[in-house]
Structures are given as structure tokens and as C-alpha cells.
Amino acid sequence: MNPLLDITSLPRFSQIKPEYVEPAIDHMLAENRKRIVALLDATDAYNWDNLAYPMEEVNERLNRIWSPVNHMNAVVNTKDLRAAYNACLPKLSDYATEVGQNERLFQAYKFIADSPEYAGLNTAQKKVIDNALRDFRLSGIELNETDKARYKEIMQELSSLTSRFEENLLDATRAWNKHITIELELSGLPASVKALAKQRAEGEEKSGWLFTLEFPSYLAIMTHADDRNLRYEMYEAYVTRASDSGPYAGKWDNTPLMEKILRLRHEEARLLGFKNFAERSLATKMAASTAQVMDFLTDLANRSLPIAQADLDGLRAFAREQHGMDGLEAWDIAYYTEKLRQYKFAISQEELKPYFPEDRVLSGMFAVVEKLYGVYIREITGVETWHKDVRFYQILDRDDRFRGMFYLDLYARPNKRGGAWMDECITRKRVPDGIQIPVAYLTCNFSSPIGDEPALFTHEEVLTLFHEFGHGLHHMLTTVDYPSVAGIGGVAWDAVELPSQFMENWCWEREALTLISGHHKTGEPLPAELYEKMLAAKNFQSGLQMVRQLEYAIFDFRLHMDYDPQQGGRIYELLGEVRQQVAVIKAPSFNRFPHSFSHIFAGGYAAGYYSYKWAEVLSSDAFSMFEENGVFDRHTGMRFLSAILEQGGSREPMELFIEFRGREPQIDALLRHSGIAA
Ligand SMILES: [Zn+2]
């Protein structure tokens with residue numbers, strides 16, 4: 001097979017014009033609606049070939065035209081494209097709701113599940129059917145008419161409440177700022193932070209410097225400002241946003257919204273037959289029960305607390321001895337933490353950069369995956385992209401089978417969304433004449449080359465690249481043939497970060513660093529002394545970081561698990577209990593952190609914040625098998641490939657993990673990797 005053949009099916013980015021977007025989506029949605037009716041009308045004996053597989057195609061063809069639009073809106077945004085994109089969003093959401101509530105479609109999938117054919121389907125096909133039925137049920141399709149109507153009402157109300165929560169938070173964040181005109185008050189701040197604050201002031205035609213509650217501006221003050229009063233003022237404004245406390249007390253108060261959100265989520269869960277919303281959240285996750293999640297978090301907390309306490313004691317002693325500072329408060333922690341970091345590990349990301357030139361990092365990363373999974377990555381030129389800096393690659397396995405392709409868009413530029421992510425361009429699918437090869441977008445925002453010098457990456461950027469490439473491999477190396485469970489498709493939320501966090505481990509291994517680093521001028525390897533410093537700094541205050549994350553995770557989970565309609569949310573009562581259990585840093589009484597906890601009140605993390613730690617346990621434990629067998633042990637690598645990467649969402653993540661590791665996940669490796677246990 002000619003591996004280049006497939007590039008003809010790639011999106012033609014130059015032909016995606018804003019004015020075509022909405023009509024194209026309208027057309028595809030109309031086609032899909034017609035096609036669904038036709039499939040349902042064609043027979044009353046539904047099976048895989050006449051319903052489930054064609055439905056995979058129906059969903060996939062919509063994704064095929066939406067994916068490049070969504071992608072270009074993120075990486076080469078223009079006013080017109082954004083308008084076209086936004087015009088499509090409600091249409092896509094209406095369509096998704098309509099399909100999710102389609103009673104006849106539900107009955108058709110049920111027919112297949114109940115038919116003799118089902119037993120003969122392969123694992124992935126069964127999973128497609130099971131997931132479809134699960135999702136129909138979770139959208140209330142089996143409720144009686146009265147309950148169905150109530151369910152719809154709840155969902156609409158929740159959607160408006162959560163977006164109002166976010167709006168309040170945005171308004172409260174924007175409302176407050178700190179205007180400084182005396183340079184002396186900026187003592188301690190790095191030049192780059194000052195320059196940004198000056199620019200911000202100029203933008204509002206003011207003299208001096210302007211600081212806002214946007215996170216980078218807030219964090220810079222908390223970390224660097226010598227002026228303790230300034231830190232206090234900023235801290236108070238930040239932790240009381242959208243609440244009944246602080247400088248704008250009561251103005252954008254989220255209290256009533258939070259109460260209503262918790263009440264409605266509980267009611268939704270009860271309607272669907274769950275005890276509480278935490279149980280509802282787990283219906284689509286890897287964790288098996290609310291008790292399992294709580295045991296997991298409590299165990300981690302008990303084992304991390306002594307280390308966190310020691311971290312804090314160390315910080316206190318340092319502040320006292322080196323800076324004559326007694327009685328650290330919440331607004332002093334980040335400041336003295338930074339001082340301690342500089343004192344203990346005088347290492348800066350800038351020092352490491354010359355050792356991580358772009359080409360070395362990329363070829364090294366490809367060599368790492370070649371050693372692990374026996375796949376080869378080659379650059380292909382002449383493929384149309386959306387920007388001249390974008391590169392294109394193909395992946396071949398050791399039998400020269402063509403496995404995947406990806407676009408790599410590394411540099412930050414105007415009109416490109418910040419951050420780093422992997423997205424699906426084309427998903428693997430069985431087609432009449434073979435296999436449709438998966439294609440990924442890998443997007444980062446690293447600094448671009450300056451003059452004749454290559455782009456030089458910080459070690460954090462290298463970690464980010466490995467992380468996103470891990471997601472990419474999950475998407476591209478799948479051998480599952482049905483899009484809804486291929487690659488990252490259908491993978492549980494608390495398991496989807498396994499392949500990505502897992503890849504990061506190689507960035508800390510000496511053997512791998514020899515492949516991915518080398519001075520851009522001399523080729524000299526990363527000096528042992530720098531490497532030692534890097535390792536020493538890796539787990540700086542990891543106990544404190546761990547308990548902070550656990551406080552959020554336990555609070556979120558208990559809020560949804562222990563909800564009692566008679567008593568309401570008891571938000572601060574529960575938070576107090578959780579802090580009693582896991583916090584070592586005492587928050588001041590005016591702190592209203594839940595009022596800005598948008599992950600759970602406005603985002604998808606409700607009763608799911610624990611997922612961050614859960615996935616870290618999986619990735620650490622998986623990597624520990626390489627520590628046991630050798631970080632480049634091919635046999636272990638092939639096992640990870642066949643048990644995890646190739647399987648995608650076609651089987652339960654716990655089953656896959658056990659297949660790879662030979663047992664259920666254990667927290668020991670994570671504790672060891674984060675320096676909490678020896
Ligand atoms: Zn990720």
C-alpha cells in the first residue's frame with residue numbers, strides 16, 4: 001500500500017471559508033436527520049449492519065467537517081470565522097440533544113442488545129451498543145412523561161445556572177484592579193511582570209502599573225511582591241470573588257446559584273435512579289463506587305499529610321531564620337515558597353533551554369516511542385496545512401503498516417488559543433476497502449525560533465510536548481475500527497489522562513534525556529550537575545501540593561455525595577470538615593474559595609475533580625513497571641501498546657489496566673514519584 005495515498009482525504013484548510021461554514025453544517029445536520037429517519041424506517045429488525053454501524057458513520061461524517069472548523073477557530077482565529085463558529089454551536093447542541101432523546105433510536109439499539117446477534121458481536125461492537133444505551137438512559141429516555149418533562153426542565157435550568165455562575169465570576173474578576181503609581185511599591189517583581197502591568201495601564205490610558213485578578217497577574221503579585229500589604233489586598237480580593245465577602249461583597253454573589261445547582265443535580269440523579277449526584281457522575285467513569293473514590297482520596301490524604309506538614313514547617317523555619325518572618329499567613333505562602341525555591345535550587349528554566357533545541361527534542365521523542373512501541377515517525381512535506389510553521393508526520397509500525405498521521409503546530413502566534421492540546425482530525429474506522437487511518441492535531445504554544453537560532457524549549461515545554469504526544473499516540477495507535485470507541489473515543493474521564501501523563505515520565509530519565517537533549521551549539525549532553533538539580537527541584541513541596549489537590553477533590557466529592565435536601569448544600573460546613581481533615585495551611589475566615597470553584601460549579605468536573613489524582617495513580621503505576629523492567633524494555637512497551645494504547649475505549653479501563661500491569665492500580669508509585677514515600 002502506498003502510504004502517501006491517504007493524504008488525499010485530509011482536510012483542505014485553504015478552502016474552509018467562514019461564509020461556507022454555517023451552510024455546510026446546516027446541510028450536514030439536515031442530511032443526518034434524514035439519514036437517521038431512513039435507517040429507522042428501513043426495517044424493524046435492527047442489527048449491527050443496518051443500524052449501529054451506519055450510525056457510527058452518521059456521527060463521524062459530521063465530525064469530519066466540524067473538526068477542521070473547530071480547529072481553525074482555535075489556531076488561526078478571525079472575526080468572521082469566530083462568528084460562523086458561534087452560529088453553529090447552538091445548532092450542534094440542539095442536534096445532539098435531539099439524537100440523545102430519540103426514542104425510536106433508543107428502541108433500535110435496545111433491539112440489537114436483546115437480539116441473538118448481540119452475543120456474536122466483537123468486544124468493540126458490544127461496547128458501542130452498551131455505551132449508546134447507557135447514554136440514552138443517562139439522558140432520561142426511560143422516564144415517564146412527567147419525570148421526563150421535569151428532567152428537561154432541570155437540565156435547562158442547570159445550564160443557565162452554571163453559565164450565570166461563570167458570568168458572575170468573570171464580572172467579579174474584571175471589576176477589581178490595583179493601580180500603582182509609585183514604583184517603590186513594585187519591589188520584588190520581575191521586569192517582565194512590570195512591563196506587562198505597564199502595558200495594561202497604558203491600554204487604559206493610565207500612568208503607572210495596573211494589576212488585575214486574572215490569574216497570571218494575581219500569581220505574579222502573590223509570588224514576587226515584597227510589599228505584604230499589597231499581597232494581602234490582592235489575596236482578599238481574589239479569594240472573595242463572586243461572594244458575600246470582600247471588597248465587592250454581595251455584588252455578584254454566587255451563593256444562591258451554588259445552592260440551586262447542588263439541589264438540582266441531586267434531583268437529577270434521583271430521577272435517574274442514583275442515590276446522589278456523585279453516584280451519577282461515576283456512571284461513566286472508571287471508579288466503581290463512591291466508597292472506592294472516598295477510600296482512595298482518604299488513603300492518599302493520610303499518607304501525604306505528614307509530608308505536607310513537614311513542608312510547611314520547613315517553609316516556616318526558612319521564613320523565620322532567613323527573613324525574620326514569623327506567623328506566615330495564606331498571602332505569604334507563595335512568596336516565601338518562591339524564596340525557598342531559589343535558595344535551595346538555584347535553577348532556572350532559562351539555564352536548561354540551550355540543551356533542548358527543537359529538532360533534538362523532536363527526533364529524541366520519536367526515538368523514545370520507536371524504542372518502546374517499534375513505530376517509526378517520518379516527516380512528510382508538501383501537505384497542505386493552515387500555517388507555514390505547521391509540520392506533518394506519518395507513523396509506520398515495524399511491519400511497515402501505516403498507523404497514523406499528525407499535524408504539529410508548535411509555536412505561539414497571534415490569533416491562536418493559548419495552552420497545548422491534542423485533538424482528533426480523523427478517527428480510525430473500518431471502511432469498505434480497508435481502514436481509514438487516524439489523524440491528530442498536536443498544538444502547543446512554545447516560543448518560536450529567533451533569527452538563525454533554533455527554537456529552544458524549557459524542560460516544562462518538553463514535558464508538555466510529551467504529554468500531548470501521549471494523547472496523540474492513544475488516538476493514532478488504536479486498532480479499534482469504530483470511531484465512538486476508537487482511540488480516546490469513549491474512554492472514561494478519569495482514565496483518559498493515563499497515556500499522556502505516562503509519557504511525561506521519560507522526560508526525567510537519564511537514558512531518555514540523552515536522546516532528547518544536547519546543546520544546540522556544541523551538541524554537549526545535559527551536564528550531570530544540571531540534571532541533578534532538575535531532579536531535586538522536581539518534588540519541591542509536593543506534600544503541600546498534594547494535600548491542596550486532595551482538599552479540592554474531597555470537598556467536591558462530598559458536596560455531591562452527602563447532599564441532603566432537608567439541609568441544603570452545607571457548603572462551608574463541609575469545607576470546614578474537609579479542611580480539618582486534610583489542610584495544613586489555615587485559610588482566613590473571609591476566604592470564599594468555593595464561590596470561584598468553576599471546575600465543579602460551571603465546568604464538567606462536578607464529583608469528578610478526583611480524576612486528576614486518579615489518573616496520576618494509573619500513569620505512575622504503569623510507569624513503575626518500566627522502572628522494574630528497564631525504561632526502554634521493548635516487551636513492556638509492546639504490552640502497554642497492546643493492552644492500553646491499541647484498545648482505546650473498547651473495553652473497561654480497569655480491565656485494560658489489569659491486563660497491562662497484572663493487578664489493580666496501587667498508589668505506591670505515585671507517592672514515590674512525588675517524593676512522598678521513599
Ligand atoms: Zn492531557
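## Helix α1, the zinc site and aromatic contacts

Helix α1 comprises 24 residues (residues 18–41), which at 1.5 Å a residue should span 34 Å, and the 36 Å between its end C-alpha atoms agrees with that expectation. This value, like every other one in this report, is computed from a predicted model. The buried residues of α1 are Val21, Ile25, Met28, Leu29, Asn32, Ile36, Leu39 and Leu40, and the elements that cover these buried residues include α2 (48–75), α3 (79–100) and α4 (103–114).

**The zinc site**

Which protein atoms are the donors of the zinc ion? They are His467 (NE2), His471 (NE2) and, listed twice, Glu497 (OE), and they lie 2.1 to 2.7 Å from the zinc ion. The angles that the 4 donor atoms subtend around the zinc ion run from 51 to 142 degrees, and the arrangement is therefore irregular; a tetrahedral assignment would need all angles between 85 and 135 degrees. Along the sequence, the donor residues follow the spacing H-x3-H-x25-E. His467 and His471 both belong to helix α17 (residues 459–476), where, being 4 residues apart, they are separated by about one helical turn. His467 is buried, with a relative accessible area of 13%, and His471 is buried as well, with a relative accessible area of 9%.

**Aromatic pairs and charges over rings**

The structure holds 54 aromatic pairs. One of them joins Tyr232 and Phe590, whose rings are 6.0 Å apart centre to centre with 85 degrees between the planes, an edge-to-face pair. Tyr232 lies in helix α10 (residues 228–239), whereas Phe590 lies in the loop between α22 (571–582) and α23 (598–601), so this pair ties together parts that are 358 residues apart in sequence. The two partners are described separately by their accessibility: Tyr232 counts as partly exposed at 29%, while Phe590 counts as buried at 15% relative accessibility. The pair of Tyr609 and Tyr612 is edge-to-face because the ring centres are 5.1 Å apart and the planes stand at 65 degrees. Here Tyr609 counts as buried, at 7% relative accessibility, and Tyr612 as partly exposed, at 30%.

Tyr609 and Tyr612 also belong to one aromatic cluster, whose other members are Trp493, Tyr552, Phe555, Phe593, Phe597 and Tyr605. Trp493, a member of that cluster, has the charged end of Lys285 over its ring, 5.9 Å from the ring centre. In a further contact of this kind, the charged end of Arg592 sits over the ring of Tyr572, 5.4 Å from its centre.

**Positive phi values in loops**

Where does Gln541 lie? Its place is in the loop between α20 (528–538) and α21 (542–561), and although Gln541 is not a glycine, its phi is positive, at about 55 degrees. Ala607, a residue other than glycine, likewise has a positive phi, near 50 degrees, and is found in the loop between α23 and α24 (611–629). Gln541 counts as buried at 10% relative accessibility, and Ala607 counts as buried at 0%.

The table sets out the relative accessibility of residues discussed above.

| Residue | Relative accessibility | Class |
|---|---|---|
| Tyr232 | 29% | partly exposed |
| Phe590 | 15% | buried |
| Tyr609 | 7% | buried |
| Tyr612 | 30% | partly exposed |
| Gln541 | 10% | buried |
| Ala607 | 0% | buried |

How values were computed
Residues numbered from 1 in each chain as written. Predicted model: local features only at pLDDT ≥ 70, side-chain atom pairs only at ≥ 80, totals over all residues. Heavy atoms only, no water. Phe/Tyr/Trp six-rings, centres within 6.5 Å; stacked < 30°, edge-to-face > 60°. Helix = DSSP H or I, 4+ residues; strand = E, 2+ residues; numbered from the N terminus. Buried < 20%, exposed > 50% of the residue type's maximum accessible area, 1.4 Å probe, protein only. Lys NZ or Arg CZ within 6 Å of the ring centre and 35° of its normal. Donors = N, O, S within 2.8 Å, 3.2 Å for Na, K, Ca; no water. Tetrahedral: all angles 85-135°; square planar, octahedral: opposite > 155°, others 65-115°. Expected span 1.5 Å × (residues − 1). Contact = heavy atoms within 4.5 Å.
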